[in-house]
Amino acid sequence: MMTFARPSLALTRLLIAFAVFWLSLTAEVLAQDPPDYTAWSQLSARAQVMIDGDRASTSMLEAVRAEIVTWRTVFLDAQDINASRIATLREQIAALGPVPAEGEVEPAAIAAERADLTQRLTDAEAPARRAEAAYREAQGLIGEIDAQIAARQAGALLQLEPAPINPANWPSAVATLLGFAFAVGQEVVTYSLAPAQISALWANLPLVAIFVIVGLVLLTRGRGFVGRWMQTHHSPSPTPTARLALFGLSLLHHAMPVIGVWALAYAVHISGMVGFRAAVLVQMAAPMALSFMAAIWLGRQVFPFDEDNRPLLRLDEATRVTGRRLARVLGAIVGLWLLVGQVAQTENFTSADRLVISFPIVVLAGLMMWQLGRLLALHVKNSAQLDGARPLMLRMTRALSLAAMALGLLGPILAGVGYFTAGSSFLLPMLFSLSLLAVLGILQRVVTDAYGALTRRSEGLDEALTPTLIGFILVLASLPAFALIWGVRPAQLSDIWAQIVSGFTIGGVTISPRNFLIFAIVFAIGYTATRALQSTLRYNLLPKTQIDQGGQSAILAGTGYVGIFLAALFAITSAGIDLSSLAIVAGALSVGIGFGLQTIVSNFVSGIILLIERPFKEGDWIEVNGQMGYVREISVRSTRIETFDRSDLIVPNADLIAGVVTNMTHSSNTGRLILPVGVAYDSDPQLVMKIMTEVAEAHPMVILKPKPTILMVNFGADALEFEIRAILRDVNFLLSVKSEMNLELLRRFREAGIEIPFAQRDLWLRNPEALAAPKS
C-alpha cells in the first residue's frame with residue numbers, strides 16, 4: 001500500500017495547488033493603482049509619429065510594439081478596478097426597484113437614494129472605462145504596426161534586386177569571396193606569430209588539449225562505440241522497449257560528431273589564435289555540423305535501411321537509398337546557407353555580391369526539393385496501388401509533393417532573374433516544414449512504442465486510441481512552429497496566445513483555457529464521485545436489500561444519470577458560464593431540434609419509464625413483435641435482446657412502451673407448458689391419457705401442485721388430439737422439457753402399440769375402365 005500512497009498524496013497536492021492557482025486567476029481585483037496615463041500618452045504619441053512617418057526600422061517598430069503590448073496588459077487588468085464595488089452598487093440599485101415610468105413619482109427618499117447610488121456607480125466605473133478606452137487605443141496601435149510591418153514584408157518579396165545570372169555581377173562577387181578567404185588566412189598567420197596570442201595559447205594549453213582530445217575521440221570513435229551498443233538491441237522482431245532503446249541510441253549515435261565538432265571549435269576559440277573573421281567560421285562550425293548530422297539522422301529515420309524499421313514512406317530499397325543521399329545533401333545545403341548568411345551579414349557584403357554567392361546554393365536546394373517532391377509523389381502512387389484508395393492523408397501528401405516540386409522549379413528561376421527574396425523565401429520554409437512533418441511522424445512512432453512498453457503490448461498498437469490522441473496533441477503543439485517557419489512574427493504568436501488565454505466570447509459566454517480547466521476539474525470530481533457512489537451501492541448496500549437484480553440495475557442507472565447531470569451543472573456554474581445568455585439562442589433552436597430529435601427524445605423518456613416501472617428486467621424472457629429472447633441490456637435509448645439463435649435484437653424503447661410485450665418470467669420463473677399429442681383413431685383414449693399423465697408427472701421440472709392436466713381437445717382430421725398442460729418450475733427450460741417429454745411419449749406409445757398417425761388420403765376413381773389398356 002505504501003507504494004501507491006506517496007505518489008497519490010503528491011499527485012493530490014499537485015492537483016490542489018494547480019486548481020488553487022487557476023482559481024486565484026478568477027479573483028477580482030479589489031484594489032489596484034491606476035495606470036500612469038501620462039507615460040502612456042507619451043508612448044502613444046511617439047508610436048503614432050513612427051507609424052505616420054513610416055521611416056522607422058522594423059526592429060524599432062517591434063520594440064515599440066513590445067512596449068505597447070505591456071501597456072495593453074496593464075489596461076486589461078485595470079478594467080477590473082472596483083469590480084466588487086460596482087457589483088454591489090448595481091445590486092443596491094436593483095433592490096430599489098425599477099425606474100418609475102413617465103408620469104409616475106416615487107418617494108423622495110427612494111429617489112434620493114437612487115440618485116446617490118447612480119452617481120457613486122458612475123464614479124466607480126470611471127477608472128475601468130478609462131482603462132478600456134486606453135486598451136482600445138493600444139490595440140489599434142498594435143494593429144497599425146502589424147499592418148505596416150506586413151506591408152514591408154510583402155514589398156520585400158516583390159523587390160527587384162541585382163540578377164545573379166547577370167555575368168556583370170560575377171567578378172565583384174568572386175573578388176569579395178576571395179578577399180574574405182585571403183583575409184581569414186592572413187588573420188590566421190598573423191595570430192599564429194603574435195607573441196600575445198602564443199602566450200595565451202600556452203596559458204590555456206591544458207584546457208585546449210583536453211577539448212581537442214575529446215573532440216577527436218568523439219569524431220573518430222564516438223559513432224563506432226554507440227553503433228556497437230546499438231547492435232546488442234537489434235533483433236528480428238524487436239519489442240516496443242527495444243525500439244525505444246534503439247531510438248535513443250540513434251540520437252546519441254548522430255550527436256557524437258556534433259559534440260566533437262563543438263569541442264574542437266571551443267578549443268580553437270579559447271586558444272586565442274583566431275581573429276574576427278575566422279571566429280565567424282569557428283562559431284558556425286557546430287551549427288553546420290548539427291544541420292548535417294540532423295539531416296542524416298532524419299533521412300535514416302524516414303528512409304531506413306530495413307523494412308522492419310517501419311518506414312514512414314512506402315518506397316523500395318533503391319529509392320530509400322536515394323532518399324538518404326538526398327537528406328545528406330540537404331543538410332549540407334542548409335549548413336552552407338547559414339554560413340553564407342552569417343558571413344555576408346558580418347562582412348557587410350553588397351547586395352549583388354551576396355546574391356551571386358548564394359545563388360548556387362539556391363539552385364542546388366531547388367534541385368533537391370524537386371527530387372524530394374518526386375519521392376513523395378512515388379510514395380502516394382505506391383500507397384494508392386496497395387490500398388486501392390486515397391484517404392485524406394495521401395491527398396495531403398500529394399499536395400505537398402506538388403508544392404515541393406513547384407517551389408524547386410520556381411525558386412531558382414525567380415532568384416536568378418532578380419526576385420531573390422521571393423525565390424529563396426519559400427525554399428527553406430518548405431524544407432523545414434517537411435522536416436517537421438517527418439519529426440512528427442517519428443514522434444508518433446515513439447509515442448506508440450512508449451505506450452506499448454507501458455502496457456506491455458506488442459500487437460495492435462497502431463490502432464490504439466491513446467497514442468493517436470497524443471499524436472493529435474503533438475500536431476496541435478507544432479502549429480506555432482509551423483507559423484514561425486512561414487514568417488509569422490513571435491510578437492503575433494504571443495498576441496494569439498494571449499487571446500487564447502483570455503478567451504473568446506460566443507453568444508455572451510466567454511470560453512478560455514482557464515474556464516475549460518475549471519470545468520474539467522469540477523466535472524472530473526463529480527464524475528468520480530458518481531462512479532464511487534455507484535460502486536458503493538453495487539457492492540455494499542444494494543446486495544443487502546431485498547431488491548431484485550432488475551431493481552438494483554435501475555437504481556444504479558438512475559444514480560449514474562443524475563450524478564453526471566449534476567456534475568455537468570456544477571462544472572458549468574463553477575466555470576462561470578452564464579447559460580442565461582444562451583437562452584434566446586436555445587429557445588430559437590429548440591423547435592427545430594425538437595422536431596429533428598423527437599424520436600431520440602421519445603426513446604430516452606421511454607427508457608426512463610422502463611427503468612422506473614420495470615415491466616421487465618435484465619435476464620427476463622420476453623416476446624416482442626414475434627421475436628423472443630432474453631433481455632441483456634436496458635439503456636436510455638434502446639433495449640438489447642439476445643434471441644435463441646444468439647443474435648442481438650436492438651429494440652427502441654418507444655416500441656416497447658407503445659407495443660405489447662409478453663414477459664415469460666416477470667413475477668417468477670414458473671410457466672405453463674402446452675404439449676399437443678396426436679394418436680390414431682383406433683387407440684384406447686384412457687390408456688393414452690394414462691401414459692401422458694405418467695410421463696408428465698415423472699418429469700422433474702413439472703410442478704405437481706397443481707397437477708398436470710391431460711385433455712382430449714379435438715377430433716382431428718387424421719388423429720385424436722390430446723394436450724398436456726403442466727406448470728414448469730423454470731420456464732426457461734420449456735424447449736428442453738418439450739423435447740424430453742416427446743421422446744418419452746414416443747417410447748411409451750411404441751411399447752403400448754399406440755400408433756402416432758400421419759396424414760393419409762384415399763383416392764376414388766369414377767371410371768376406372770377408361771384407364772384399361774385398349775384391345776388390339
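**Salt bridges in a predicted model**

Visitor: What makes D116 and R120 a salt bridge?

Guide: In this predicted model, the closest N and O atoms of D116 and R120 are 3.6 Å apart, and because a salt bridge requires a side-chain nitrogen of Lys or Arg within 4 Å of a carboxyl oxygen of Asp or Glu, the pair is counted as one. D116 and R120 are four residues apart in helix α5, so they are separated by about one helical turn.

Visitor: Why is D116 called partly exposed?

Guide: Partly exposed covers the range between under 20%, which is buried, and over 50%, which is exposed; D116 has a relative accessible area of 37%, so the term applies to D116, and R120, with 41%, is likewise partly exposed.

Visitor: How do you know that D54 and R152 link distant parts of the chain?

Guide: D54 forms a salt bridge with R152, with the closest N and O atoms 3.1 Å apart. D54 sits in the loop between α2 (37–53) and α3 (58–78), whereas R152 belongs to helix α5 (residues 108–157), and the two are 98 residues apart. Both are partly exposed, with a relative accessible area of 42% for D54 and 24% for R152.

Visitor: Why do E694 and R748 count as a salt bridge, and which helices hold them?

Guide: Their side chains meet at 2.5 Å, N to O, and because the limit is 4 Å, the pair qualifies as a salt bridge. E694 lies in helix α23 (residues 685–698) and R748 in helix α24 (residues 734–752), so the pair ties together parts that are 54 residues apart in sequence.

Key. Residues numbered from 1 in each chain as written. Predicted model: local features only at pLDDT ≥ 70, side-chain atom pairs only at ≥ 80, totals over all residues. Heavy atoms only, no water. Buried < 20%, exposed > 50% of the residue type's maximum accessible area, 1.4 Å probe, protein only.
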